Amino acid sequence: MGYLSYEGRVKMEIDDRPLAHLQVVISDKLRRGEPVTFTWYAEPSVGGGRTTIWINQSSSLVFKYQGSRPPSINRAWLQLLAEAANAVGGLRLVQEPADVASESVG
């Protein structure tokens, strides 16, 4: 279980595979100079609730992975995440679709 840390104060625990996909989508948005909101829901075991962060080029983000090997990337999942990131509601983690084409993140 890795995590995404925002501004050194907010931390989201997440498995390495979805984290790698979020990193690609967020990095792509920022590379184009586009800010994005990202919303996630906490597990009931840690109090539940919803968190939304505003990510822009000056945001401090840390993508911390538990494993040492990069997960394979599902292009169909990246597309769904990118569509969410470009929608009014902003980026949110959507369920991974069937793998169409994978490549290693490096």
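**Charge distribution in the predicted model.** In this predicted model, the protein carries 11 positive and 11 negative charges, and the mean positions of these two sets are 4 Å apart. The accessible surface of the protein comes to about 6,500 Å², and carbon and sulfur atoms account for 49% of that area.

**Overall fold and dimensions of the protein.** The protein contains two helices and eight strands, which follow one another along the sequence in the pattern β-β-α-β-β-β-β-α-β-β. The radius of gyration is 13 Å, close to the 13 Å that the globule rule gives for 106 residues, so the protein is as compact as a globular protein of that length. Along the principal axes, the C-alpha trace spans about 35 × 30 × 20 Å. Of the 106 residues, 32% count as buried, and among the contacts between residues at least 6 apart in sequence, 60% join residues that are at least 24 apart.

**The aromatic pair of phenylalanine 38 and tryptophan 40.** The count of aromatic pairs in the protein comes to one, and this pair is formed by phenylalanine 38 and tryptophan 40. A pair of aromatic rings is described by the distance of the centres and the angle of the planes. For phenylalanine 38 and tryptophan 40, the centres are 5.2 Å apart and the planes enclose an angle of 40°, a geometry that counts as tilted. Phenylalanine 38 has a relative accessible area of 0% and is therefore buried, and tryptophan 40, at 10% relative accessibility, also counts as buried, because the cut-off for a buried residue is under 20%.

**Aspartate 16 and its surroundings in helix H1.** Aspartate 16 has its place in helix H1, which comprises residues 16-31. With a relative accessible area of 16%, aspartate 16 falls under the 20% cut-off and so counts as buried. When its neighbours within four places in sequence are left aside, the residues in contact with aspartate 16 are Met1, Gly2, Tyr65, Gln66, Gly67 and Pro71.

**Aspartate 16 and arginine 50 in sequence and in space.** This view takes up aspartate 16 again, now together with arginine 50. The two residues are separated by 34 residues in sequence, and the distance between them in space, taken from C-alpha to C-alpha, is 21 Å. Aspartate 16 belongs to helix H1, and its contacts beyond four places in sequence include Met1 and Pro71.

Technical notes. Residues are numbered from 1 along each chain as its sequence is written. This is a predicted model: local features need pLDDT of at least 70, side-chain atom pairs count only at pLDDT 80 or more; totals for chains, interfaces and linings use all residues. Side-chain values use heavy atoms; hydrogens and water are left out. Helices (H or I, at least four residues) and strands (E, at least two) are DSSP runs, numbered from the N terminus. The radius of gyration is taken over C-alpha atoms; the globule rule is 2.2 Å times the number of residues to the power 0.38. Buried means under 20% relative accessible area, exposed over 50%, partly exposed in between (1.4 Å probe, protein chains only). Contact means heavy atoms within 4.5 Å. Accessible areas come from the Shrake-Rupley method with a 1.4 Å probe; for residues, only the protein chains shown count as cover. Lys and Arg count as positive and Asp and Glu as negative; His and the chain ends are not counted. The place of a charge is taken as NZ of Lys, CZ of Arg, CG of Asp or CD of Glu. Rings of Phe, Tyr and Trp (its six-membered ring) pair if their centres lie within 6.5 Å; planes under 30 degrees apart count as stacked, over 60 as edge-to-face and the rest as tilted.
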